[in-house]
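Trainee: I have a new model open and would like to work through it with you. Where do we begin?

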Amino acid sequence: MNTAYYLINTLFDLYLMVVLLRIWLQMARADFYNPFSQFVVKATNPVLTPMRRLVPGFFGIDFAAVLLAVLVALAKLLIFKAMNLLYADWPTVALVSLVTVLKKAGVMLFWILIIRALLSWVSQGRSQIEYVMLQLTEPLLAPIRRVIPPMGGLDLSILVAFIALQALNWLMGDMFGPLWWQL
């Protein structure tokens, strides 16, 4: 049963992250001709194209993609409920699916910041992946840099972002209790 849980959790979480990346790429107005962006588009278009006929976007937000993210999280939880791995009533399962999307968005932001920091140390030029990571994270890091500018060539904005993400994670953990740490 642990193996099935691990495989289902991993597959659904990976696809959820791809859907969240699609939303984030659109909101950041990232280069969609980049190979990384093209992968995300090709992985999500088969599901999103028909959904967009029913769920329009507003104010630059692709609500079909947001709905897809929630549905992916909900499907994962429903499978766990059917396998008797999740003991919760239906309203709680719906709420947990929304919280799962938030948690995975935070985890994804953390890893993209890590990747960007590592690439800044080893990259000898602008790679296409590094350019997309820059487009995704710069709207978050630029305001931090205005308050705390780079000191001696060391950019502390990523560190401040990590501290803020961790504080947010703990705050959400306090709000949702042990459920939050299991997501």
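Mentor: Begin with the order of elements. Read along the sequence, the pattern is α-α-α-α-α-α-α. Keep in mind that this is a predicted model.

Trainee: How many helices and how many strands does the chain have?

Mentor: The pattern along the sequence is α-α-α-α-α-α-α. Count its symbols by type. The chain has zero strands and seven helices.

Trainee: What box do the C-alpha atoms of the chain fill?

Mentor: Take the box along the principal axes. The C-alpha atoms then fill roughly 55 × 40 × 35 Å.

Trainee: Now the packing. How are two packed helices described?

Mentor: Two values are used. They are the distance between the axes and the angle between the axes.

Trainee: Are α4 and α5 roughly parallel or roughly perpendicular to each other?

Mentor: Helix α4 covers residues 90–122, and helix α5 covers residues 128–147. Their axes come within 10 Å and cross at roughly 105°. Angles of 65 to 115 degrees count as roughly perpendicular. Therefore α4 and α5 are roughly perpendicular.

Trainee: How do the residues of that contact of α4 with α5 divide by class?

Mentor: On the α4 side, the contact includes Leu109, Ile112 and Arg116. On the α5 side, Met133, Thr137 and Glu138 are among the residues. The classes are eleven nonpolar, two polar and four charged.

Trainee: Is α3 oblique or roughly perpendicular to α4?

Mentor: The axes of α3 and α4 come within 8 Å. They cross at roughly 125°. The roughly perpendicular range is 65 to 115 degrees, and roughly antiparallel needs over 145. So α3 is oblique to α4.

Trainee: Is the crossing of α3 and α4 left-handed or right-handed? And which class leads in their contact?

Mentor: The crossing is right-handed. Residues of α3 such as Ala69, Val70 and Leu74 meet residues of α4 including Trp90, Val93 and Lys104. The contact has two polar and three charged residues, against twelve that are nonpolar.

Trainee: Which residues make the contact of α2 with α5?

Mentor: Helix α2, residues 35–54, packs against α5 at about 70°, with the axes 8 Å apart. That makes α2 roughly perpendicular to α5. The contact has five nonpolar, two polar and no charged residues. From α5 come Gln128, Ile129, Val132 and Met133, and from α2 come Pro35, Phe36 and Ser37.

Trainee: Let us turn to pockets. Which helix gives the largest share of the lining of the largest pocket?

Mentor: About 490 Å³ of space lies in this pocket. Its lining has 19 residues, and Leu102, Lys103, Gly106, Val107 and Leu165 lie nearest the centre. At least two lining residues come from each of α3 (63–82), α4 and α6 (157–176). The largest share, nine residues, is from α4.

Trainee: How do those lining residues divide by class?

Mentor: One residue is charged and three are polar. The nonpolar residues number 15.

Trainee: And how much space lies in the second largest pocket, and which helix supplies the largest share of its lining?

Mentor: This pocket holds about 270 Å³ of space. Its lining includes Arg116, Trp121, Asp155 and Phe162. Both α4 and α6 supply at least two residues. The largest share, four residues, comes from α4.

Trainee: How do the residues of that second lining divide by class?

Mentor: Look for the charged side chains, with Arg116, Arg145 and Asp155 among the lining residues. The full division is seven nonpolar, two polar and three charged.

Conventions
Residues numbered from 1 in each chain as written. Predicted model: local features only at pLDDT ≥ 70, side-chain atom pairs only at ≥ 80, totals over all residues. Heavy atoms only, no water. Axes fitted to C-alpha atoms, helices over the stretch in contact; angles between N-to-C directions. Parallel < 35°, antiparallel > 145°, perpendicular 65-115°, else oblique. Contact = heavy atoms within 4.5 Å. Nonpolar A, V, L, I, M, F, W, Y, C, P; charged D, E, K, R; others polar. 1 Å grid on protein atoms, 1.4 Å probe; cavity = no way out; pocket = protein on both sides within 12 Å on 5 of 7 lines; lining within 4 Å. Points joined across faces, edges and corners; volume = space filled by probe spheres on them. Left-handed = near helix turned anticlockwise from the far one by under 90°.
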